[in-house]
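Work through the following exercises with the sequence and the model open side by side. Each task is followed by a solution that proceeds step by step.

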Amino acid sequence: MNVVSYGGGVQSTALLVLAARGRIDFDTFLMANVGDDSEHPSTLRYVREIAMPYAAANGIALHLLDRTRRDGSPETLWGRLTREGSRSLPIPVRMSNGAPGTRSCTADFKIKVTGKWLKAHGASATSPATLGIGISVDEIQRANSRRQEAHERIVYPLLDLRMRRDDCVRLIADEGLPVPPKSSCFFCPFHRPGTWLDMARDEPSLFARACELEDTLNERRVMLGKDPVFLTRFGTPLRRLFRDDQPTLFSGVDDVDGQCDSGWCFT
Ligand code: SF4
């Protein structure tokens, strides 16, 4: 079984084009959907309106996988974060000193969801699935950074082909497809400041939802007698950092992309 973990971003869309062109041997792409209320809406739009029809036209199966609870009901990351009375803090929120906390979101909403599908379709320790991940040469430090599960054998086709992110962009454009936006949860604490700045300016309602999430998490922290947490590394609430009257305060502060070191987000 040769399957790509599809993130909906530039690198994994390049894998889709390479598969459609027969340059890599993958006929199934799996996107673990953290939730329609959690993944950036532009990514989901791209996946549904561009990637899925393109995959189907090229004989490739692209499945969107939801996380389900034991009783079969769907669970989203936003839902888990905002559930009344929840103490769960699954995303890598930043402490006051800017350091990211531990997280379970990638494991629970991506790795386990994909693994469940693979096992249900025959992957096992004795017959592991080959799982392709879209990490390009310029992000090579993200490869091999998580434990490989018994039912999978992780490979990095873009590294084998020595492809950089720019090469991926060119390949997608050459195929006549629009270049996808960066994929991630819209509230991910790994966003660089420029991403927040763009969101505050161009997608104010989405930005407002991220601010509300930060507020909700901190109301809960106060009740639990714990220190505040933030969605950026600056130790200040989002809504104060990216105010309308300070539109360029953070431009150029940090050009480095957020790091999702398991290699399952931002691909
Ligand atoms: S994008 Fe960020 S918040 Fe979403 S699953 Fe990945 S690490 Fe977690």
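**Exercise 1. Determine whether S86 is buried or exposed, and which residues S86 touches.**

Solution. Begin with the accessible area: S86 has a relative accessible area of 3% and is therefore buried, where buried means under 20% relative accessible area, exposed means over 50%, and partly exposed lies in between (1.4 Å probe, protein chains only). Next, place the residue in the fold: S86 belongs to the loop between α3 and α4, with helices (H or I, at least four residues) and strands (E, at least two) taken as DSSP runs and numbered from the N terminus. Then list its partners: leaving aside residues up to four places away in sequence, S86 touches R80 and R220, a contact being heavy atoms within 4.5 Å. Finally, check the backbone: the C-alpha atoms of S86 and R220 are separated by 8.5 Å, although the two residues are 134 residues apart along the chain.

The model is predicted, so local features need pLDDT of at least 70 and side-chain atom pairs count only at pLDDT 80 or more, whereas totals for chains, interfaces and linings use all residues. Residues are numbered from 1 along each chain as its sequence is written, and side-chain values use heavy atoms, with hydrogens and water left out.

**Exercise 2. Establish the strand order of the open sheet, and state which strands stand at its edges.**

Solution. First, read the order across the sheet: its 6 strands run β4-β3-β2-β1-β5-β6, with mixed pairing, and two strands pair if DSSP finds at least two bridges between them. Second, look at the ends: β4 (74-75) and β6 (152-155) each have a single partner strand, so one side of each is left without a neighbour in the sheet. Third, take one pair in detail: β1 (residues 2-5) and β2 (residues 28-33) run parallel and are joined by 3 bridges, with S5 standing opposite L30 in β2. Fourth, add the helices that cover the strands: α2 (residues 41-57) packs on the sheet, touching β2 and β3 (61-68), and its direction makes about 140° with that of β3. Helix α4 also packs on the sheet, touching β1, β2, β3, β4 and β5 (129-133), and its direction makes about 115° with that of β3. Axes here are lines fitted to C-alpha atoms, for helices over the stretch in contact, and angles run from 0 to 180 degrees between N-to-C directions. Lastly, consider a residue of β5: I133 lies in this strand and is buried, with a relative accessible area of 1%.

**Exercise 3. Identify the residues with the most contacts inside the largest nonpolar core, and the helix that gives the most to this core.**

Solution. Start from the definition: a nonpolar core is a set of buried Ala, Val, Leu, Ile, Met, Phe, Trp, Tyr and Cys residues joined through side-chain atoms within 4.5 Å. The largest such core has 28 residues, and L77, I91 and F187 have the most contacts inside it. At least two residues each come from α3 (77-82), α4 (105-120), α7 (193-202), α8 and α9 (238-241), and α8 gives the most, with 6 residues. Among the residues that I91 touches, not counting those up to four places away in sequence, are L77, C105, F187 and L213. A second, separate core of 27 residues includes A14, F26, V155 and C168.

**Exercise 4. Describe how α7 and α8 pack, and which residues meet between them.**

Solution. Consider the geometry first: the two helices pack at an angle of about 120°, with their axes 6 Å apart. That makes α7 oblique to α8, since angles under 35 degrees count as roughly parallel, over 145 as roughly antiparallel, 65 to 115 as roughly perpendicular and the rest as oblique. Then inspect the contacts: W196, M199, A200, R201 and D202 in α7 meet P204, L206, F207 and A210 in α8. The buried residues of α7 are P193, G194, W196, L197, M199 and A200, and they pack against α8 and α9. Finish with N218, which is found in α8 (residues 204-223): N218 is buried, with a relative accessible area of 15%, and touches P228 and V229, not counting residues up to four places away in sequence.
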